[in-house]
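This report works outward from a metal site to the strands and then to the chain as a whole. Please keep the coordinates at hand while reading.

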Amino acid sequence: MKIIPVPCLSDNYAYLVVQDGRAAVVDPSEADPVLVAIEKAGVELVEIWLTHHHWDHVGGIEGLVDECRIEAVRGSAYDHKHSRIPHQTVALSDGETFEFGGAAVDIMEIPGHTLGAIAYVTEGNLFSGDTLFIAGCGRVFEGTMEMMSQSLAKLRDLPLTTQVWCGHEYTVNNLRFAKTVEPDNPDIDLALAEATSARAEGRHTVPGRMDRELGTNPFLRFDDPRIARGRDPVASFTAIRGAKDSF
Ligand code: ZN
Ligand code: FE
């Protein structure tokens, strides 16, 4: 399996998941960059996987369905029920597994950013959409703070070597914020230095890795006693998310 990030719009990432010359695309914000990427990779695009229904993740579906022979458009059962992913053909629920080119792909429901948010996990790769970013998390639009914190707690139980492929390139800003939460955490300084030079050189900061996220991402560390400082986990998460909203 090969994963190819496809930058879209100003800071979105779509991803090609390639198996034996056949590709799925995760969260195509727009069709054109994806069409260029499949041409360049010499692969056939056959599936579209959506983490949630926001326009900056589904905007390319229409154009890809027109241009390619798409066999499946996958998204959550919730988004299917609310008809909010164009051309969706498969409705996925928590714990379900499907096969893509011989690889098992597991679905995790991770509501909070939206109520229909799901993650795709396959061969040590996590496609986390706008729920888990490198060193950050998405805004809580449709769910509750408790729901979002539980979804992130679910993701952090994945293996330490899990590669994190997220929906946006927000890493440098996220790490600057993380530093305000934990000014004395040297892992954040190191990650910030690396991310800053990566961006200066025009490189992506994806994939992240779960072990580093556990040490640097305040939204996975909300219940660490050094951060919670006596607050209950949800109150701690709510305070950090609130501070990030106005950072
Ligand atoms: Zn979103
Ligand atoms: Fe987004």
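What is the site of the zinc ion (ligand 1), tetrahedral or irregular, given the angles among its four donor atoms? The angles run from 86 to 169°, and the site is irregular; four donors count as tetrahedral if all angles lie between 85 and 135 degrees, and as square planar if opposite donors are over 155 degrees apart and all others between 65 and 115, while anything else is irregular. For reference, ideal angles for four tetrahedral donors are 109.5 degrees.

This is a predicted model, in which local features need pLDDT of at least 70 and side-chain atom pairs count only at pLDDT 80 or more, whereas totals for chains, interfaces and linings use all residues. Residues are numbered from 1 along each chain as its sequence is written, chains are lettered from A and ligands numbered from 1 in the order in which they are written, and side-chain values use heavy atoms, with hydrogens and water left out.

**The metal site**

The zinc ion (ligand 1) is coordinated at 2.2 to 2.3 Å by His52 (NE2), His54 (ND1), His113 (NE2) and Asp130 (OD), donors being N, O and S atoms within 2.8 Å of the metal (3.2 Å for Na, K and Ca); water is not among the atoms, so sites may look incomplete. Along the chain, these donors follow the spacing H-x1-H-x58-H-x16-D. Asp130 also bridges to the iron ion (ligand 2), and the zinc and iron ions lie 3.2 Å apart. His52 is buried, with a relative accessible area of 1%, and His54 counts as buried at 17%, where buried means under 20% relative accessible area with a 1.4 Å probe, protein chains only.

**Strand β4 and its partners**

Strand β4 (residues 44–49) is largely enclosed by the rest of the structure, because five of its six residues are buried. Strands here are DSSP runs (E, at least two residues) and helices are runs of H or I of at least four, numbered from the N terminus; two strands pair if DSSP finds at least two bridges between them.

| Strand paired with β4 | Bridges | Direction | Opposite residues |
|---|---|---|---|
| β3 (residues 22–26) | five | parallel | Val26 and Trp49 |
| β5 (residues 72–76) | three | parallel | Arg74 and Trp49 |

**The whole chain**

The protein chain has ten helices and 14 strands. Its radius of gyration, taken over C-alpha atoms, is 17 Å, close to the 18 Å that the globule rule (2.2 Å times the number of residues to the power 0.38) gives for 247 residues, so the chain is as compact as a globular protein of that length. Buried residues make up 53% of the 247 residues.

Definitions and conventions: Four donors count as tetrahedral if all angles lie between 85 and 135 degrees; four count as square planar and six as octahedral if opposite donors are over 155 degrees apart and all others between 65 and 115; anything else is irregular. Buried means under 20% relative accessible area, exposed over 50%, partly exposed in between (1.4 Å probe, protein chains only).
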